[in-house]
Amino acid sequence: MTDTHTLIDNRPPSVATLFLERVAATPDAEAYRYPVPPAAGTGPDDWKVLTWADAAERVLAASAGLIALGVRPEERVALAANTRVEWILADLGVLCSGAATTTVYPSTNAEETAFILADSGSRVLIAENAGQLAKAREKRAELPELAHVVVIDETDAQPAEDDPEGWVLSLAELEKRGTAYLEQHPECVKERVAALRADQLATLIYTSGTTGRPKGVRLPHDCWSYMAGAIQATGMVTADDVQYLWLPLAHVFGKVLTAGQISVGHVIAVDGRVDKIIENLPVVRPTYMAAVPRIFEKVYNGVVAKAREGGGAKYKIFQWAAGVAREYAKASQDNFRRTGNASVPFALAAKHKVADALVYAKLREAFGGRLRAAISGSAALAPEIGYFFAGAGIHVLEGYGLTESSAASFVNPGEAYRTGTVGKPLPGTEVRIAEDGEILLRGPGIMQGYHGLPEKTAEVLEEDGWFHTGDIGELSPDGYLRITDRKKDLIKTSGGKYIAPAEVEGQFKAICPFVSNVLVHGANRNFCTALIALDEPTILKWAEGHGLGGRTYTEVVASNQVRALIDGYVERVNEGLQRWQQIRKFRLLPRDLDIEHGEITPSLKLKRPVVERAFKDLLDEMYAGAREA
């Protein structure tokens, strides 16, 4: 307990402090890897390395550059970019200057970007490219406090004729100014870091609300310092790990991983291009990776589709191996829970060995062959998908947290993980379940409140520090938490029955390899229906072999063959549900749900009210003329 106590209770005031300590302790150790596309435009990326000392040189230069621009402690510097090494370096530069980072998703439109910049009072925007610069330029009249835009991609840092002088500069130019400023004021950054208080604002993250304007979550330096220490204290990540980071850093889940890395000192390979994940995994060969459930669902569906393409015999072998994987995972986890030993019966172990040679080994190689653990968060992972990966030797440890709790409040503990739960609270975090089943949290990771919204803060944060998560859950006697649903998402049918739609949706995703997104609807209705969007590449591949080749996605999903195909999966999922949970009718959507239409968040969570409004005609059609069930 001594190490945990030291890491948690005697933590430094900020991650900026931790960063300088890490640089001093291991200056020559590798900190970051990042891809550089080939000059010719084709061929594999060239991966470069930054040591901690290399990173510090750029961070201190960026930090001093911000100080030279007149940025003062706790003033906001916004950051609108995809996940890349410059995002991390810029964020650390902001923190080391004493300022606070306002995170902006690069997919956010100009209007909402302007709202975030204005509401946060951001003085500087660090923009990735010309596209992000254009949003600020379009709304400049509404942003009188925005004094500068710093563009990461140097060639895109082009001032317009009507830009104020010095309004646009490149990140390279900012660092150059900072280097010159450091020559005159060599201690300026260290002085700013030394003056940081634990309760000083470090980050403003705007939640992508389903209705109305997003709310700015105020996270002080102490939140990140605590998270860094708590992650290290779990022992799940070691200095020898190589983490592959592709999650959006504007999201709290991605951001917390950078804090943990500084505390532990392991390597992060940074590349936010989601379309490069499959290509990057064998190159990076990570030992540790965090992802959202949608990624595991896509990998699983891809494996199923590939097995089906291999012909009947190959598909039967895969189905058998998938069943063995789930049986093996459940048996080993149950035995570990009872005895502390993950052994399984001899006959099952023998089947598992054969299945490993035929199926699982290839799957592990696709992940790079060294993946020790994968963390899944941001939404629920269907247990059957989790058990499949667990049995195949890819240990998906589910975790739980919110923007308001600095992301990581619960995580499954290493060997003792339990699929279908989000594990145990991090050291230093308290939990209790309210009478109505709502999960309440208290601890150093909890936000200060919503920026400029005291009434909204009071709705969720009690005076004694307990935060109302809005999620419903159950705690096992030994402290494992299972999330059952969002409090506001629980469906109550007109017959008075409560249904957790996420549970039904998860079961459907686990059996239907063609699904991309599914929404179960039924609040105040007399039965449940579903809106189903299919994964375009997977269903078009199926269509080629079933007389529908050459047709568009919209034409394929409108066909009787596909309707019958999905109907079979709906019937299968209904077999395992109570009568009032069953999907009586469904409609296939003419397109997938996406961020651009505002139907899913950048972390790939469903925005139910938006989807229900967008496809209201389909929902009404399913209930038209329906009699009481």
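These are my notebook entries on two buried residues and the cavities of this predicted model.

**Ground rules.** The model is predicted, so I take local features at pLDDT of at least 70 and side-chain atom pairs only at pLDDT 80 or more, while totals for chains, interfaces and linings use all residues. Residues are numbered from 1 along each chain as its sequence is written, and side-chain values use heavy atoms, with hydrogens and water left out.

**Entry 1: T203.** I looked up T203 and found it in strand 8 (residues 201-207). Strands (E, at least two residues) and helices (H or I, at least four) are DSSP runs, numbered from the N terminus. T203 counts as buried because its relative accessibility is 0%. Buried means under 20% relative accessible area, with a 1.4 Å probe and protein chains only. Its side chain makes a polar contact with the side chain of W224, at 2.8 Å. A polar contact is a pair of N or O atoms within 3.5 Å; within protein, one must be able to donate a hydrogen and the other to accept it, and residues adjacent in sequence count only if both atoms are side-chain atoms. Leaving out residues up to four places away in sequence, I list T203 as touching A100, T101, T103, V217, R218, L219, W224 and K255. Contact means heavy atoms within 4.5 Å.

**Entry 2: cavities.** I found three cavities of 30 Å³ or more. A cavity is a set of points, on a 1 Å grid over the protein atoms alone, where a 1.4 Å probe fits but cannot get out; lining residues have an atom within 4 Å of a point. Points are joined across faces, edges and corners, and the volume is the space filled by probe spheres set on them.

The largest holds about 60 Å³. W224 and K255 are among its lining residues, and both also touch T203. Helix 4 (85-96) and helix 10 (252-264) each supply at least two lining residues. I sorted the lining into seven nonpolar, one polar and two charged residues.

The second largest holds about 50 Å³. Its lining includes Y226, M227, R442 and G443. Helix 9 (221-234) and strand 18 (438-442) each supply at least two residues there. This lining divides into six nonpolar, five polar and one charged.

**Entry 3: S14.** S14 sits in the loop between helix 1 (2-9) and helix 2 (15-25). S14 counts as buried because its relative accessibility is 0%. I noted a side-chain to side-chain polar contact from S14 to T17, at 2.8 Å. Beyond four places in sequence, S14 touches L196, H221 and S225.

Terms used
Buried < 20%, exposed > 50% of the residue type's maximum accessible area, 1.4 Å probe, protein only. 1 Å grid on protein atoms, 1.4 Å probe; cavity = no way out; pocket = protein on both sides within 12 Å on 5 of 7 lines; lining within 4 Å. Nonpolar A, V, L, I, M, F, W, Y, C, P; charged D, E, K, R; others polar.
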